[in-house]
Structures are given as C-alpha cells and as structure tokens.
Amino acid sequence: MAKRATKRSDSTKKAGARAGGETHQTAAADGPLLTTNQGMPVSDNQNSLRAGTRGPTLLEDFVLREKIMHFDHERIPERIVHARGSGAHGYFETYESLADVTRADFLQRAGERTRVFARFSTVAGGAGSGDLPRDVRGFAVKFYTNEGNFDLVGNNIPVFFIQDAIKFPDLIHSVKMEPDRGFPQAASAHDTFWDFVSLMPESMHMIMWAMSDRAIPRSLRMIEGFGIHTFRLVDADGKSTFVKFHWRPKLGMQSVVWDEAVKINGADPDFHRRDLWAAIDRGDYPEWELGLQLFTEEEAATFPFDVLDATKLIPEELVPLRMVGRMVLDRNPDNFFAETEQVAFCPANIVPGIDFSDDPLLQGRLFSYLDTQLSRLGSPNFQEIPINRPICPMQNFQRDGHMRMAVPQGRVNYEPNTLAPDGPRECPVRGFTTMPRPEAGETLRVRAESFADHYSQARLFFRSQTKPEQDHMVSALVFELSKVETPAVRARVVAHLLQVEATLGERVAAGLRLEPLPAPHPTEVPANDDLEPSPALSILAKAQKTLQGRVVACVVTDGADGDLVAALRETVEANGAMLTLIAPSVGGVRTAKKRLLAVDHQLAGAPSVLFDAVVLAPSEAGAAALLGDSAAVAFVHDAFAHLKVIGHVAAAAALLDAAGVEQDAGIVAVQDIGDVAAFVEAAKGQRIWEREPAVRPVP
Ligand code: HDE
C-alpha cells in the first residue's frame, strides 16, 4: 500500500513538472507559503486532485473547491447608479477656523488635516462602461473626522434633473439601457430618456448643463464638485446658517470636444481612471479648494427661487464663495475592490455642526443610500469594512448580524444598564442634535409654487456661456435628438428649448430639420428675460492658461532630432506637464546621432485624442513613411479637428497637408530648440477655439 502511494506521488510530480512547467514556483525555505483560506499550506497550485494522471477530478479536492467557490462569488451587485467609478485617498486641510458658523470639530482649527476618500463616477453606465460618455460625474468625498464620518456626496454639476426623490427611479430607468433590448449602454441619446425629459419641464436647467461641455471632462482632476442641496451649518450656540458646498479644481476646468470623447472611449475606455491613477502615482497630486456659499434663512427668502429646489443654483454674483480649505488626493487605493468598490457613501452621514434642509430630493436620498448598501454589500455590518470604518471610536449596543467583524466584550448589550458603568452613553452636549425647526401644515402630495419656474435658470446658464460653448450645446442637443427615433419626442424637446431661449430652440430645430417649428411649450412661469449672465457658469470664461497636469505627445521616427526632443521635454516638464513619445514601433527609434531613444507608445495604439497638444518631429525619411500610414494621417487630422496646438518640424509639412491642416495660431513651426518656448506658450491656451468654425459646422 505504502509502496503504491509513493509510486503515485512520484508520477504526479513528474506529470506536474511536465504540465505545469515554469508555473511551479515553490516557496523558499523560509519564504511566504501559499495557503487556503483556513491557513493550510498548499503544495500544488497548478493541478487539481485526480484519479490517475488522466482520470476524473475528485470531489475530495477541497483546495480546488474552496478556490473555485470563492471565485464564483467575486462580484457583488454593482451600484444601481454611479457604477463606474475611480477612487483615491487624501486629506482635507482647513484654511481657517469655521467656528463662526459651525461646531463641526474638523472645521475648528486652521491647518487641521482630516483623512478623506474620494470617488468620482459616471452615472448611467455599468461598472465596465467607458469613461467618456456624455454624463454627469459623481463627486463623493468621505471625511473621516473625529466625530464620525461626514460624506459629501455630490456631482460635478450644481443642479439636478428632478425636484422630488419620488421621480428618481423613473429618471434612472429612462436613461439606462432600454429594458427590452439592453442598449444603449452609458448614453442618454435614446428615446426613453428624451421622452421622460420632454415631459418633465423641471429638468430643463439640468439638461442645459448635461448638454454642455461639463458632461465630457478632460480629466477627473479638472472637474468642479457641488453638494447641490442646501445644507445647514450649526454653531455652538445652535445658530444655523444655510450652506452650499463647492469644490474647485486647482488645475482649472477643462473638457474634451464631443468627437474626441467618442474616440477616447474606443482608444482608452479607462482614460479618466488611468489619468487619475497615473497623476497620483507620479506624485502630481490633484487638489481642489472647498468653497462655501453661506446665507441666512432671511436672505434665502429674498432670492427669486427656492433654495430647497435642487434644480436651482445660487449665482456666485449673489452669494460669493468663501474658500475654507483644500483637498489633496495623494494615495491610490491598495485594492480597487476593497476600497473603491466597497466604499459606501451616504448623504445621511453627517456630524454635529452640519444638518439637512427640507429639500425633498435630499430627504429622499437620506433613505436611499443606507438602504442600497444592504443589497450591494449584503450586510448591516458594512460599516465595519475598513474603507467605511470611522477612525474615531464606534461603540453602541447594536449586535450580531451577517459578517460581524467586531468582537464585543462582556455581558451587557443593552442600555440603560448598571452592569457596565463605563460603557458608552448618550450625551446631549457632545452628541448630534437636529436643528429644531418649526414645521407645520397639512400632509399633502404637492409641489410648492416656489418650485414652478423651470426656465429662468436654464436661460441664465445658456446666456452665461461663451460662443463656442453655446455652439457645443446646440450640437449636443442635435446629436442626442437625432438618435431619438420618435419624431414627436424631438418636437416636444424643441418646444421646451424655445422656452429656454428662442435662438437655442430655433438652432436645434434647424439642425434636426424639424419643420414646422413647434410652438413653445406652454408654461405658467415664462423665463425671466432680465438676467445678468454669470461668467462663473462658463468653463471657458474662467479657463486658466496652463499646461499643468496635461500631456504633450511628440511623434518621432528614426533619424529624429534627439536634442530637440530633449529640449521639448525639459520645457514641457518645467511647465508641470508630461511629454510622451510616440513612434511607429514601441521599441524606440535611433536619433540622427544614432542614439537609441526609448518611446512610450506605438503610433497605431496612441491616437492624438489621448493628448492635449502634439509635436510632429519625424526625420525626412520618417515623414515620407508616415504619409503611407493612415494612423499617422488620422493622428494629425484629429489633432487639428480637435483644435489642438500642433508643433512641427519642416520635414512634417507633407503630413500636415495630407491631414488637411490649415495654418493658424495653433500651428507652430518647431525648427530648433529656440522654437520650443513658443510652442509651449501656445499649448498653454489648450485649444484654438477660433479654428472651430472651419472644422465643425453648427446650425
Ligand atoms: Fe445618488 N445614489 N441619488 N445622487 N449618488 C447613489 O447609492 C439617489 C443624487 C450620488 O461613489 C446610490 O451607494 C436618489 C443627487 C453619487 O459610491 C443610491 C436620488 C446627487 C453617488 C442613490 C439621488 C447624487 C450616488 C447608488 C434622488 C448629487 C455615488 C449606490 C433623490 C448631489 C457614490 C449608492 C459613490 C449613488 C440614490 C440623486 C450623487 C441608489 C434616490 C442629487 C456621487 O442610493
């Protein structure tokens, strides 16, 4: 018997060596052992247990069964909205004490740092969808304060589609894939979304934002964030001040153009996720300032809109921002699933000194997020997962349940008690108290009259945009409605647009060839015509002239001028940007001086949509070869069509011609090192907007 067993184990070893080959990596004498989940050392991670070398696998193989069972259950339900997201750790640092408006402990002392975890997301697509659909971006921040976790669960747009939480399931059903066919994925350009929207005039303001360039950001590091709802800050004396939260990116805001977004989704569906990860990885930490709009209840009563209506914003000209601190994201997650996927945000997570308002959208959210964690994370103990755990003591008499991690001590699991005199107790002084507010009135299902103006702020937004931005909104609406197959839906949306702004409705109708023009949608509250534009609502009006955090691509071939490339790198990096080299082959090129120059990408896999500005620096022979490569011609053509600054050596002239490039302020000759500065200066302007009418017609 013993003899037979020995023989079999020998033959298994031999067969394994043959089948597993180099995959058999065994532990060093004192090296870490691979184990089962029970901690038992594993002898062979390549072969399951079978009867004979070619026989059936045995049910007895508990190592195999444990491994496969765990794998089978690796996925948890994705978020019903905001499924696609990217997260990072960091800190929030106060500029000053906010004791004048709030007792929140983490806002009392200037210079105090509080740990945070932020997650950015798209809304409509599944977890595996591309990063650049036209969509709202989630901007959620968990502050791990000494008095519990405070979650600021916002978006990159300061208003929302609906006024009442009861419409949220309808809104989301309409925008997600249509239920019979399972498409389109991550796109609002389809019938059900626009059908719903056309019947919800309250969504018109948000529609303006969603059709603007805010919905196609260049980078998650370049988006603003907003808490949207009116919240309250409460000071030590119980005095309440209304507040709106704003995040402002240090790199400034920047967006891509729509054709670029479409192509980025194909070329690199992880464009935003990769960009955020890479920036943090190289120590170029993204940063935002936190600004507060603070106002009293009396002031709110004088505004021409209701501050409890989430489809309205407060123009900064009316209530300026007080900048109170900054958030720096300085560490990538160690594990995407454990942190970014399992993080559970909840607008109800507030701390003493912060309180809610009666915004009916916010009130609904206070229920939804806690509830959704039960189905997503599967247990009422999800707050014990490391990424969700408060850093301050968490102690109460809640007990047991699925996947309980904590091991409570002692016999007392109730309160009041006398048996554990040192146990946790409530505290009316240090504990959270809800701001006492008088509430009276009949119980009704109604919408307040003060919520009835659906068009004024939509008009304000449109009028506050620069010419290129207005053009993009028109094009976006024409694009989306052209994908809508039901003509009546198109016409109904245009009827609303005519209420927002006659020229907007007329231009979109022209783009759709919608004849005759529908009558403006009837409304009891027409848009206010006496509106001062708010430049703060435009991206371009407050664009920064900078290359900071951006990427310049340089196309090189064998025989390229290595000194020019080196000078370009130096100047680009001195401006806080990165230089990426692209060549016909990823193995690099030999420069004119026959030096091997390492490159980052193969040309066919690195279209210009992935970069902010480009330089064409091939040799004469290299340029001639590129003329026969459609990827090279498309690279240049797209850079031009996407309004990018293009630097080029003389040898690239024929390539520019083949790509249809016309001379303008963004086409910069970079003949020698002395020209590099002029190229970088032009690239700091990010895009050549004057070029757009020549490359993209708009109605
Ligand atoms: Fe959310 N939302 N939401 N939402 N939301 C969720 O919670 C919900 C709304 C926002 O990175 C869900 O954990 C309702 C506004 C972000 O994990 C869910 C209503 C704003 C995230 C939910 C809204 C947001 C979510 C899905 C209407 C901007 C992602 C998974 C009353 C202020 C957070 C989850 C993350 C996620 C419900 C409207 C922002 C289902 C009912 C307005 C950034 O609970």
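Where is the place of tyrosine 369? I looked this up at the start and found tyrosine 369 in helix H10, residues 360-377, where helices (H or I, at least four residues) and strands (E, at least two) are DSSP runs numbered from the N terminus.

I note that this is a predicted model, in which local features need pLDDT of at least 70 and side-chain atom pairs count only at pLDDT 80 or more, while totals for chains, interfaces and linings use all residues. Residues are numbered from 1 along each chain as its sequence is written, and side-chain values use heavy atoms, with hydrogens and water left out.

Entry on the ligand. I checked the iron atom of the ligand and found a single donor from the protein, Tyr369 (OH), 1.8 Å away; donors are N, O and S atoms within 2.8 Å of the metal (3.2 Å for Na, K and Ca), and water is not among the atoms, so sites may look incomplete. I then listed the side-chain N or O atoms that face the ligand, taking a polar contact as a pair of N or O atoms within 3.5 Å, where within protein one must be able to donate a hydrogen and the other to accept it, and residues adjacent in sequence count only if both atoms are side-chain atoms. Tyrosine 369 has such an atom 2.6 Å from a nitrogen atom of the ligand, histidine 82 has one 3.4 Å from a ligand nitrogen, and serine 368 has one 2.9 Å from a ligand oxygen. Strand S3 (137-145), strand S4 (148-155) and H10 are the elements that give two or more residues to the shell around the ligand, and the largest share, 6 residues, comes from H10.

Entry on strand S7. I turned next to S7, residues 240-249, and found that 10 of its 10 residues are buried, which means under 20% relative accessible area, with exposed over 50% and partly exposed in between (1.4 Å probe, protein chains only). In a regular strand the side chains alternate between the two faces of the sheet. Both faces of S7 are covered, with Phe242 and His246 among the buried residues on one side and Val243 and Trp247 among those on the other.

Entry on the partners of S7. Two strands pair if DSSP finds at least two bridges between them. S7 pairs with strand S8 (residues 287-295) in the antiparallel sense over 8 bridges, and phenylalanine 242 stands opposite phenylalanine 295 in S8. Phenylalanine 242 is also the bridge partner of arginine 232, and strand S6 (residues 231-234) runs antiparallel to S7 over 4 bridges.
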